[in-house]
Amino acid sequence: MTKMDISRRTFIHTAAAAGGGMILGFSIPGISPALARSVMPEGWKDPAGGVEISAWLTIDTDGTVTVRVPHTEMGQGALTSVAMFIAEELDVPWKDVKAVFASANRHITQGEEYVNMSTYGSNLVRNRHPHILQAGASARERLKEAAALQWGVARSAVTAKQGVLSAGANKGTYGEFASAAAAVSLAEEPKAKEYLDWWLLGTDVPRMDVDIKTDGSAIYPIDVVVPGMVYASVMSCPVPNGRLKSYDFDVIKNRPGVIQAVALTQVKDKLGTSDQMSGIAVVADTFYRAKTALELMPVEWDLGEGVSLSTKSMEAEAQGLLGMDAEHVEEVRGDPRPVLAASDKIVTADYQRPTESHVTMEPAAAVVSITKDRVDVWSKTQTVQGTLMLVADQLGRPPGDIFVHGTSQGGGFGFGSAHPAPRQAAEIAQAVGRPVKVIWTREEDLAQARTRPPVWGRFTAALGSDGLPTAMLARTVGSSRKPDFADRAIVDQHYQVPNYRFERHAIKSHLPVGYNRAPGTNSNGFLIEQFADEMALAGGWDPLDWRIKMTEGNERWQRVLAKMK
């Protein structure tokens, strides 16, 4: 039997084309197929036709509404949630709604029409919804105004519902009035609805990208191909902040497909998350050939000061600091130390979380194509606007020359908010004079990760006669680069211990820090919740009942905890 190595995507495409040889299918219980909306595989391409009502949406003559989504789709539902916000206020049948990615170039050059194009910190739905809802409401009122002018009635007399405008005997579709609405200017922008009036938000709808992600047609940065494109494999110093000393291209230059080696220039001594790192790239006609040649090319590194640090050395320093008073102190509620000293019932525990990398499903990739008139970019990103500015800075070109195209993303977790891959692709493309796709190997992804930093914690509490804590001292040790990582969810934890003090130490670290799925909250939440269990059990309390008791007066926490009873 012949062994075949094929990708998941190739398998799905082949199976679908087999014409009955095999069928892959799925269903979502309770949801009609007619309600399922989808997006194009190349989601940055705006469909032809349609009247632009605003930067946010267009309406076709048949009533189809295309929503332009300024946020990144990483599997969390950005395309669907933004489209739902617009459809809710516009009041248009969900089956008539499509979505595409908005243009970062337009946002930069036309007064930031989308307000904010970033997608991190769990902010899209939580904090961006007011202006997105308002954009839908504005489009609705402009349609009503266009109809009112034609029918000779007041706008307040016009009803907009499910894609139809009406006033008495007058009736027309959104598509019929789209052109007139595009010319309408409102004297005052309308307010969004109250949530009790929602008809769509809060209901079950399938995500808009389900079909393209299940049939393998969704385009990710790693899938993008442009004419004349070559491939680059990159490598930076295995010790963060080290520098490239030398490389010997002659050893590999005659290998099949090899085109060029490009040294990546680091211009800053202290690197930010998105700054260009010192490194080396090999360019070839396929990624495999570029990667293989780079692995075989002799490279020498100046490892820098970080070479003396290790997990073992950081652990030893942290353990020493846990036994010492810290310089950073916050007495949240009084001073627990006298209470602890006088208590005969003490609970204490140490906890640790290690350095953790993002390891998204899709390794970082970026494609950059440079011409005299424009630069086109497809990249791992959680902010297309931010990536546009990075590439403009790297190439020294006006932001208006740069076009960053939204794609599906194979995960983010924070590192995608300012990834260095597009800078690398831009520098390499400029050096070789051809479009370039940079792909990070998984090894490079782990070596250069902006990690969630390690944290160590020691907690001590005194228990009263009722088994509840009367005093607590929390002491943590964390990264010196982002001290807030050692604070969050500990200094502001919500258990109402009468006397509570927080202390923080910082250790020496050369590791770049990133916002790996919540800055500190996940790591520190683990620490404080483990100790909450320890205190509850030591005091004879059920851990859930303990939490309910210790958050009395905090309505939000009480509401959540009550759901767990």
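Here are two short exercises on the predicted model above, each with a worked solution.

Before you start: residues are numbered from 1 along each chain as its sequence is written. As this is a predicted model, local features need pLDDT of at least 70 and side-chain atom pairs count only at pLDDT 80 or more, while totals for chains, interfaces and linings use all residues; side-chain values use heavy atoms, with hydrogens and water left out.

**Exercise 1.** Work out how α2 and α4 are oriented to each other, and which residues make the contact.

*Solution.* Step 1: find α2 at residues 78–90 and α4 at residues 124–151; helices are DSSP runs of H or I, at least four residues, and strands are runs of E, at least two, numbered from the N terminus.

Step 2: the two helices pack at about 40°, with axes 7 Å apart. Axes are lines fitted to C-alpha atoms, for helices over the stretch in contact, and angles run from 0 to 180 degrees between N-to-C directions.

Step 3: α2 and α4 are therefore oblique to each other (under 35 degrees is roughly parallel, over 145 roughly antiparallel, 65 to 115 roughly perpendicular, the rest oblique).

Step 4: look at the contact (heavy atoms within 4.5 Å). Among its residues are Phe85 and Ile86 of α2, and Ile132 and Leu133 of α4.

**Exercise 2.** Trace the open sheet and find what packs on it.

*Solution.* Step 1: the strand order is β1-β2-β3-β4, with mixed pairing (strands pair if DSSP finds at least two bridges between them).

Step 2: β3 (residues 65–69) and β4 run parallel, joined by 5 bridges; Val65 has Val97 as its bridge partner.

Step 3: α2 lies across β2, β3 and β4. Helix α5 packs on the sheet too, touching β1 and β2.
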